Amino acid sequence: MKIDKIILASHGTLGAKAAEDAAFELCVENGASLYHLLVVPDFWKGMMGDDWLNNAVTRIRFGNYVEDLLAGDADEEIDRLAKAAELLGVSYSHDIRLGKPAKCLAEACGAGGFDLAVIGSPRPKGAPGYRSRMTLDPLVRSLNVRLMIIPHPGQ
């Protein structure tokens, strides 16, 4: 099986980093390029805290603040993976999308000509952090490429 182009859905959590390691290993072994998809879950879009944001100016400022934090986090993840790819000699590109993680991945796969999609497995119960809710059943049904799910390091 020849792998030339891998799409990696990663947002920097422990499970996503396990998927990153596997994707980089496959890239090095196969001389493949890596396309990093970072999805900002769309639940952030409506986060306004209206109970304490009592005027339009305050709501706009808070919205800008949240967007700036999310953009900064995304930039850090992109920089981290770009540096890792450079050290390994892997061709790297990226995309940042806002939406439902499974839908964004399926759409990117449909448009990208990828040979393999790599993701981390769902976070185990009891593990700290927010679950972005990558819905596997709809994802598997909608993908047009092979999918590799890397087990969470705590499993």
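This report describes the fold, a buried glutamate and its partners, the salt bridges and a surface patch in a predicted model of one protein chain.

**Overall fold**

The protein chain contains 4 helices and 5 strands, and, when it is read along the sequence, these elements follow the pattern β-α-β-α-β-α-β-α-β. Of the 155 residues in the chain, 39% are buried. If one takes the contacts between residues at least 6 apart in sequence, 78% of them join residues that are at least 24 apart. The surface that the protein chain exposes comes to about 9,000 Å², and carbon and sulfur atoms supply 55% of that area.

**Glu20 and its partners**

A useful place to begin is Glu20, which is found in helix H1, the helix of residues 14–30. Is Glu20 buried or exposed? Glu20 counts as buried because its relative accessible area is 3%, and the cut-off for a buried residue is under 20%. Leaving aside the neighbours within four places in sequence, Glu20 is in contact with Leu8, Ser10, Gly12, Glu77, Arg80 and Leu81. With one of these residues, Arg80, there is also a polar contact between the side chains, at 2.8 Å.

Arg80 has a further charged partner, for Arg80 and Glu77 form a salt bridge in which the closest N and O atoms are 2.5 Å apart. Both of these residues lie in helix H2, where they are 3 residues apart, or about one turn of the helix. The two differ in their exposure class: Arg80 is partly exposed, with a relative accessible area of 30%, whereas Glu77 is buried, with a value of 15%.

**Salt bridges**

The count for the model comes to 6 salt bridges, and the table sets out three of them, including the pair just described.

| Pair | N to O distance | Relative accessible area of each residue |
|---|---|---|
| Asp4 and Lys2 | 3.5 Å | Asp4 42%, Lys2 53% |
| Arg80 and Glu77 | 2.5 Å | Arg80 30%, Glu77 15% |
| Lys103 and Glu107 | 3.9 Å | Lys103 54%, Glu107 42% |

In the pair formed by Asp4 and Lys2, Asp4 counts as partly exposed at 42% relative accessibility, while Lys2 counts as exposed at 53%. The side chains of Lys103 and Glu107 meet in a salt bridge with an N to O distance of 3.9 Å. How far apart are Lys103 and Glu107 in helix H3? They are separated by about one helical turn, because they are 4 residues apart in this helix, which covers residues 101–112. Lys103 counts as exposed at 54% relative accessibility, and Glu107 counts as partly exposed at 42%. Salt bridges that share partners also join Glu20, Glu77 and Arg80 into one network, and in that network Glu20 lies in helix H1, whereas Arg80 and Glu77 lie in helix H2.

**Tyr92 and His36**

Tyr92 lies in strand S3, which covers residues 92–99. Although Tyr92 and His36 are 56 residues apart along the chain, their C-alpha atoms are separated by 7.4 Å, and a polar contact of 2.8 Å joins their side chains. Leaving aside the neighbours within four places in sequence, the residues in contact with Tyr92 are Leu34, His36, Ile78, Leu81, Ala82 and Ala85. Leu81 therefore appears in the contacts of Tyr92 as well as in those of Glu20, given that contact means heavy atoms within 4.5 Å.

**Cysteines and a surface patch**

The count of disulfides in the model comes to 0. Two cysteines can be described by their exposure: Cys27 counts as buried at 2% relative accessibility, and Cys104 is likewise buried, with a relative accessible area of 5%.

At the surface, Val28, Leu87 and Leu88 make a nonpolar patch of about 330 Å². One of these residues, Leu87, lies in helix H2, the helix of residues 56–88. Is Leu87 buried or exposed? Leu87 counts as exposed because its relative accessible area is 78%, and the cut-off for an exposed residue is over 50%.

Key
Residues numbered from 1 in each chain as written. Predicted model: local features only at pLDDT ≥ 70, side-chain atom pairs only at ≥ 80, totals over all residues. Heavy atoms only, no water. Helix = DSSP H or I, 4+ residues; strand = E, 2+ residues; numbered from the N terminus. Buried < 20%, exposed > 50% of the residue type's maximum accessible area, 1.4 Å probe, protein only. Polar contact = N/O pair within 3.5 Å; in protein donor to acceptor, adjacent residues only side chain to side chain. Patch = residues over 30% accessible without salt bridge, like charges linked within 9 Å, V, L, I, M, F, W, Y side chains within 5 Å. Areas by Shrake-Rupley, 256 points an atom, 1.4 Å probe, with all protein chains shown as cover. Salt bridge = Lys/Arg side-chain N within 4 Å of Asp/Glu carboxyl O. Disulfide = S-S within 2.5 Å.
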